[in-house]
Amino acid sequence: MGHPIFARKKSHSEPGPGDAGKTGSWRVRRPIIDLAICIPAKTNSMACFNCWLYCPDGVITRTIPPTIDYTYCKGCEICAEECPVDAIRMVEETELIKKEL
Amino acid sequence: MHCIESGNVAAAYGVKLARAQVIAAYPITPQTPLTEKLSEFVDGGEMQAEYIPVESEHSALAVCIAASSTGVRAFTATSANGLLYMSEQVHWAAGARLPIVMCVVNRGVGAPWTIWNDHQDSISQRDAGWIQVYACDHQQIIDTVIQAFYLAEAVSIPVMVCYDGYLLSHTYMPFDIPEAAQVDHFLPPFKPAYALDPSQPANLNTVTLPDIRPDIRGDLAPGYMEIRHNLHTDLRQAIENVAEIDARFKDTFGRGGCPHVEPYRSDDADFIAVCLGSLSYQLRDVADILRDEGLKTGVCGIRLYRPFPDEAVVDALAKAKGIVVFEKALSYGNQGALCGDIKAALYHSKQRPFVRNYIVGLGGREIKTADLLAAFRASCAQTDDETDTPQWIGLNL
């Protein structure tokens, strides 16, 4: 991509997952979807998907059930804010890490 | 074709001949007649360009940044507080390596309000990563604008063409308008290093982290520090590009020969006056008078200010006994910015002339040739004065 002379002198890159590194490590709190409440999961229909629509990083899938790619999710909480049925809970990463230990 | 016109019109003809494709500018005194002339050219069909009116200088340069990113030749112009209002975008254009050309019609910066000439506006942007060239008359304005596009595109760095408000922008002077065919030969259409293309989506200048990181293909991409280092290296290299382009221009148009500094009677001079812009032509009268008095004096106008042409400066100045730097700008709390640069350049030379600094003409205060003469003469006589404090000419305290 770009002119051979200036290719590495400018900041340009191909868009795609991971262009900003593995940004999941930035996350302080992790969004966890409660599938018993989540509309598409609960009704088994392609409905709602507010989390997918509003996720600024595009790491939530438009699937039944929706999934979150924690490798890149920065934990911005927008999905939790936008979920109309409060199915997304934010859990402290430190709590989760303690449990994993 | 020879004509008698204002400096702003000279700049406008340069932009027209360079076939700029996008012009976005916000009017500000004393730049206004330049962009008015360009809008006339576009409106009258004399120039095939998109003229985009904007609501501010910040937007003007933002439009040029967007246009240049898509691979077209972009131009803007401003002065004083307008330049400061676009300052964020000024830095951006350099970091993004976009070959935009901008005329800065030099004017003092408020507060208090002034619309008159000094150099504080462009000097305040000297560390933004742009190339800065200062023109001394109308012929240099039109010639420099044409060369600026070639230079900017050759090194992928934006160029500011600076010229004195009113003293040049609004005065009428004869100059030659080069033939369009010759300019087309000198300056072929812009072939961008990279152009935005919807069929090939790209991220431009996205956030970098302190360290370098792999791109999505796993290749290490240059980070902030690498990109900035490259800008600096290429700016230093541009000193040579400027000389080459000047030589090419001279071959085609017969004008030029002083790409970095413009000396006048300075070869054998004991004392050399140094400055930016049209002041250097006024100082030629002073040097002539002092020569008649028996003092070997000369003048050295600095044409290329960023990147700073250290070697040319040392070649021109190091043999003298004394250097007197006259400046229409100040690094407040220190000294004239140019004076500091001159001292730094001379630090490593074996013979180091004394360097004295005068601040003149801020906010358009009249610079009287008699005052310059008295200051220059006094500096030649008082060679043991070690003071680093700039002296002010024309103050009424």
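**Two sheets, one core: a predicted two-chain model**

Let me start with one residue pair: Val104(B) stands opposite Cys162(B), which sits in strand E7 of chain B. The model is a predicted one, and that holds for everything I say today. The pair belongs to a longer stretch, where strand E5 of chain B, residues 101-106, runs parallel to E7(B) and is joined to it by six bridges. On this sheet packs helix H7 of chain B, which touches E5, E6 and E7 of chain B and makes an angle of about 165° with the direction of E7(B).

Now the sheet as a whole. It is open, has seven strands in the order E3-E2-E4-E5-E7-E6-E15 of chain B, and its pairing is mixed. At the edges stand strand E3, residues 50-53, and strand E15, residues 304-306, of chain B; each has a single partner strand, so one side of each has no neighbour in the sheet. On average, neighbouring strands here are turned by 20° against each other, direction ignored.

Next, the domains. Chain B is assigned domain 1, residues 2-186, and domain 2, residues 261-392. Their centres, taken over C-alpha atoms, are 27 Å apart. Domain 1 of chain B puts 21 residues into the contact, and domain 2 of chain B puts in 20. On the domain 1 side, the elements that give two or more residues are helix H6 (120-124), strand E6 (131-134) and strand E7 (159-164) of chain B. Of these, E6(B) gives the most, with four residues. By class, that side of domain 1 of chain B has 10 nonpolar, seven polar and four charged residues.

On to the second sheet. This one is also open, with six strands of chain B in the order E12-E14-E13-E16-E17-E18 and mixed pairing. Its edges are strand E12 (261-264) and strand E18 (391-392) of chain B, each with a single partner strand, so one side of each is left without a neighbour in the sheet. Within it, strand E13 (residues 271-276) and strand E14 (residues 297-302) of chain B run parallel and are joined by six bridges. Val274(B) stands opposite Cys300(B) in E14(B).

Two helices lie across these strands. Helix H10 of chain B, residues 279-292, lies across E12, E13, E14 and strand E16 (322-327) of chain B, and runs at about 170° to E14(B). Helix H13 of chain B, residues 369-381, lies across E13, E14, E16 and strand E17 (354-359) of chain B, at about 150° to E16(B).

Take one residue of H10: Leu283(B) is placed in that helix of chain B. Is Leu283(B) buried or exposed? It has 27 C-beta neighbours inside 10 Å, and the cut-off for buried is 20 or more, so Leu283(B) counts as buried. Beyond its neighbours within four places in sequence, Leu283(B) is in contact with Ala273(B), Cys275(B), Val299(B), Phe326(B) and Leu372(B). Tyr264(B) is 19 residues from Leu283(B) in sequence, and 9.5 Å from it in space, C-alpha to C-alpha.

A third helix, H12 of chain B, residues 337-346, has buried residues Ala337(B), Leu338(B), Cys339(B), Ile342(B), Ala345(B) and Leu346(B). The buried residues of H12(B) pack against H6, E13, E14, helix H11 (310-317), E16 and E17 of chain B.

That brings me to the core. Which residues touch the most other members of the largest nonpolar core? In this core of 124 residues they are Val145(B), Val161(B) and Ala273(B). The element that gives the most to this core is helix H7 of chain B, residues 138-155, with 10 residues. Both domain 1 and domain 2 of chain B give residues to this core, so it lies between them. Another core, of 14 residues, lies apart from it; among its members are Ile39(A), Cys51(A), Cys55(A) and Cys79(A).

Back to one member of the largest core: not counting residues up to four places away in sequence, Ala273(B) touches Leu283(B), Val286(B), Ala287(B), Val299(B), Val324(B), Phe326(B) and Phe376(B).

Last, the two chains together. In this interface, 19 residues of chain A are in contact with 22 residues of chain B. The chain A side has six nonpolar, eight polar and five charged residues. Strand E1 of chain A, residues 12-13, and strand E9 of chain B, residues 203-204, run antiparallel and are joined by two bridges. There, His12(A) has Leu204(B) as its bridge partner.

Key
Residues are numbered from 1 along each chain as its sequence is written. Chains are lettered from A and ligands numbered from 1 in the order in which they are written. This is a predicted model: local features need pLDDT of at least 70, side-chain atom pairs count only at pLDDT 80 or more; totals for chains, interfaces and linings use all residues. Two strands pair if DSSP finds at least two bridges between them. Two residues are in contact if their C-beta atoms, placed from the backbone, lie within 7 Å. Axes are lines fitted to C-alpha atoms, for helices over the stretch in contact, and angles run from 0 to 180 degrees between N-to-C directions. A nonpolar core is a set of buried Ala, Val, Leu, Ile, Met, Phe, Trp, Tyr and Cys residues joined through C-beta atoms within 7 Å. A residue is buried if 20 or more other C-beta atoms lie within 10 Å of its own, exposed if 12 or fewer, and partly exposed in between; C-beta atoms are placed from the backbone. Domain bounds come from an automatic or database domain assignment. Ala, Val, Leu, Ile, Met, Phe, Trp, Tyr, Cys and Pro count as nonpolar, Asp, Glu, Lys and Arg as charged, and the others, Gly among them, as polar.
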